Amino acid sequence: MKKWLLLLSASFVLAACGQEVAEPQVDTSADTSTSVVESEVSSELASSETDADLVEVTVSVTEDGELITDGEQVVEVEEGALLLDVMKEHYAITEDGGFISAINGVEQDEDAGKWWMFDVNGAMGETGAAETELQAGDLIEWKLEAFE
């Protein structure tokens with residue numbers, strides 16, 4: 001009879017221990033999934049705030065009407081970014097005082113009267129590249145052509 005009582009008592013103790021262990025695991029799991037969901041939502045919000053500040057612009061670079069090597073790129077920039085800064089970031093340029101004299105190794109030719117000029121959305125740039133602020137959807141066309 002003592003053996004039965006001992007076995008029965010041991011069963012109750014083990015069962016009770018198993019229940020105590022199971023409850024904290026469930027609670028911890030619930031807390032963790034809440035933290036994961038909160039973390040994912042926070043990341044999405046931070047990402048969407050960052051993405052909201054970025055806009056796409058297209059930059060096209062031609063010499064006598066032909067694209068130069070790596071001459072056309074769609075780039076993401078901060079709205080209001082300056083064209084000169086964008087050119088420095090995405091192309092190999094030579095510039096002096098905000099005036100670009102070479103893009104990706106293609107240099108202007110003073111003797112031939114060829115200068116780097118740019119259009120913004122089909123109209124000649126009204127300011128220099130160092131002052132031109134870019135907006136969503138802008139098309140920037142750099143052209144190395146004889147200035148007429």
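Me: Which residue in β5 stands opposite A102?
Reply: In this predicted model, look across to β5 from A102. Strand β4 spans residues 99-103, and β4 pairs with β5 in the antiparallel sense over two bridges. The residue of β5 opposite A102 is E107.

Me: Which strands stand at the edges of the sheet, each with a single partner strand?
Reply: This open sheet has three strands, in the order β3-β4-β5, with antiparallel pairing. Each edge strand has a single partner, so one side of it is left without a neighbour in the sheet. The edge strands are β3 (93-96) and β5 (106-107).

Me: What angle does the direction of α2 make with that of β3?
Reply: Helix α2 covers residues 83-90 and packs on this sheet. There α2 touches β3 and β4. The angle between the directions of α2 and β3 is about 145 degrees.

Me: In what order do the strands of the five-strand sheet run?
Reply: This second sheet is open, and its pairing is mixed. β2 and β7 (123-124) each have a single partner strand, so they stand at the edges. The order is β2-β1-β8-β6-β7.

Me: Which residue in β8 is the bridge partner of E63?
Reply: β1 and β8 pair in the parallel sense over six bridges. For E63, the bridge partner lies in β8. That partner is L144.

Me: Which strands of the five-strand sheet does α2 touch?
Reply: Helix α2 packs on this sheet too. Its direction makes about 115 degrees with that of β2. The strands touched by α2 are β1, β2, β6 and β8.

Me: Which residues have the most contacts inside the largest nonpolar core?
Reply: This core has 25 residues. The elements that give two or more residues to the core are β1 (54-63), β2 (66-78), α2, β4, β6 (114-120) and β8 (139-146). The residues with the most contacts inside the core are V61, M87, I103 and W142.

Me: Which residues does W142 contact, leaving aside its neighbours within four places in sequence?
Reply: W142 is one of the residues with the most contacts inside the core. Leaving aside those sequence neighbours, its contacts include V61, M87 and I103. The full list is V59, S60, V61, T62, L83, M87, I100, I103, W116, M117, F118 and A129.

Me: Over which residues is the pLDDT below 50, starting from residue 1?
Reply: The mean pLDDT of the chain is 78, and 64% of its residues reach 70 or more. The stretch below 50 has zero contacts beyond near neighbours in sequence. It covers residues 1-17.

Notes. Residues numbered from 1 in each chain as written. Predicted model: local features only at pLDDT ≥ 70, side-chain atom pairs only at ≥ 80, totals over all residues. Heavy atoms only, no water. Pairing = 2+ DSSP bridges. Helix = DSSP H or I, 4+ residues; strand = E, 2+ residues; numbered from the N terminus. Contact = heavy atoms within 4.5 Å. Axes fitted to C-alpha atoms, helices over the stretch in contact; angles between N-to-C directions. Core = buried A, V, L, I, M, F, W, Y, C linked by side-chain atoms within 4.5 Å. Buried < 20%, exposed > 50% of the residue type's maximum accessible area, 1.4 Å probe, protein only. pLDDT = per-residue confidence, 0-100.
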